[in-house]
Amino acid sequence: MEASRLEHFKQILLSELRRHARHVGDEQANAIDAANDGAKESADLALRDVISELALKLGERESQMIADIDQALLRIKEGSYGMCVRCNEPIEDRRLEALPTARYDSACQTQIENENAAARPTL
Ligand SMILES: [Zn+2]
């Protein structure tokens, strides 16, 4: 993925993160900005600290979303962002725009949902 596209998704993810952080308090939201402003290497570490602290303070559902954002930011850093973790095909741009934390392309997502539905006992 092009650097400019990666930066675009990174900004979306960071603003999502800020939105969750505000539920905890302005202090946490500011901490994200501060962490992201710093020098590059330490900024990543600082941001991860803020994220893990945040996850502790949020409820289960929001913590899960924070974890997804955290994982997506890691994939951006590692250069695997935007690739399906199951089949390694690029995830559709439209899908990433709608769901920037997506790990699967839509074909795999559908298959996984079908498998889950099949595994679930019918009532
Ligand atoms: Zn896939």
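This is a conversation about how the descriptive terms applied to this predicted model follow from its values.

User: What makes this an all-helix pattern, and how many helices and strands are there?

Analyst: The secondary structure comes to six helices and zero strands, and reading along the sequence gives the pattern α-α-α-α-α-α. The C-alpha trace spans about 45 × 40 × 20 Å along its principal axes.

User: How is the protein divided into domains, and what separates their centres?

Analyst: Domain 1 covers residues 1-81 and domain 2 covers residues 83-123, and the centres of domain 1 and domain 2, taken over C-alpha atoms, are separated by 22 Å. Seven residues from domain 1 and four residues from domain 2 take part in the contact. On the side of domain 1 that touches domain 2, helix 1 (3-24) and helix 4 (60-78) are the elements that give two or more residues. By class, that side of domain 1 has five nonpolar, one polar and one charged residues.

User: Why is helix 1 called roughly antiparallel to helix 2?

Analyst: Helix 1 and helix 2 (residues 26-37) pack at an angle of about 150°, with their axes 6 Å apart. Angles over 145 degrees count as roughly antiparallel, and therefore helix 1 is roughly antiparallel to helix 2.

User: Which residues make the contact of helix 1 with helix 2, and how do they divide by class?

Analyst: From helix 1 the contact takes Leu14, Leu17, Arg18, Ala21, Arg22 and Val24, while helix 2 provides Asp26, Gln28, Ala29, Ile32 and Asn36. The residues of this contact divide into six nonpolar, two polar and three charged.

User: What makes Ile76 partly exposed, rather than buried or exposed?

Analyst: Ile76, which is found in helix 4, has 18 C-beta neighbours inside 10 Å. A residue is buried with 20 or more such neighbours and exposed with 12 or fewer, so Ile76, with 18, counts as partly exposed.

User: Which residues is Ile76 in contact with, leaving aside its neighbours within four places in sequence?

Analyst: With those neighbours left aside, Ile76 is in contact with Leu6, Phe9, Lys10 and Tyr81. For one of these, Lys10, the C-alpha atom is separated from that of Ile76 by 7.4 Å, although the two residues are 66 residues apart along the chain.

User: Why are Arg5 and Glu16 called partly exposed, and what is Arg19 called?

Analyst: Arg5 lies in helix 1, Glu16 is found in helix 1, and Arg19 lies in helix 1. Arg5 has 13 other C-beta atoms within 10 Å and Glu16 has 17; partly exposed is the class in between 12 or fewer, which is exposed, and 20 or more, which is buried, so both Arg5 and Glu16 are partly exposed. Arg19 has 11 other C-beta atoms within 10 Å and is therefore exposed.

User: Where do these residues of helix 1 stand in space relative to Pro100, Ala55 and Ser52?

Analyst: Arg5 and Pro100 are 12 Å apart in space, C-alpha to C-alpha, and 95 residues apart in sequence. The C-alpha atoms of Glu16 and Ala55 are separated by 14 Å, with their positions 39 residues apart along the chain. For Arg19 and Ser52, which are 33 residues apart along the chain, the C-alpha atoms are separated by 15 Å.

User: How do you know that the span of helix 6 agrees with what is expected?

Analyst: Helix 6 (residues 106-119) has 14 residues, which at 1.5 Å a residue should span 20 Å, and because its end C-alpha atoms are 20 Å apart, the two values agree.

User: Why is helix 6 said to lie largely in the open?

Analyst: The number of buried residues among the 14 of helix 6 is zero, so helix 6 lies largely in the open. Over the protein, 20% of the 123 residues count as buried.

User: What is notable about the phi of Asn88, and why is Asn88 called exposed?

Analyst: Asn88 is found in the loop between helix 4 and helix 5 (93-98), and has a positive phi of about 70° although it is not a glycine. With 10 other C-beta atoms within 10 Å, against a cut-off of 12 or fewer, Asn88 is therefore exposed.

Key: Residues are numbered from 1 along each chain as its sequence is written. This is a predicted model: local features need pLDDT of at least 70, side-chain atom pairs count only at pLDDT 80 or more; totals for chains, interfaces and linings use all residues. Domain bounds come from an automatic or database domain assignment. Two residues are in contact if their C-beta atoms, placed from the backbone, lie within 7 Å. Helices (H or I, at least four residues) and strands (E, at least two) are DSSP runs, numbered from the N terminus. Ala, Val, Leu, Ile, Met, Phe, Trp, Tyr, Cys and Pro count as nonpolar, Asp, Glu, Lys and Arg as charged, and the others, Gly among them, as polar. Axes are lines fitted to C-alpha atoms, for helices over the stretch in contact, and angles run from 0 to 180 degrees between N-to-C directions. Angles under 35 degrees count as roughly parallel, over 145 as roughly antiparallel, 65 to 115 as roughly perpendicular and the rest as oblique. The expected span of a helix is 1.5 Å times one less than its number of residues.
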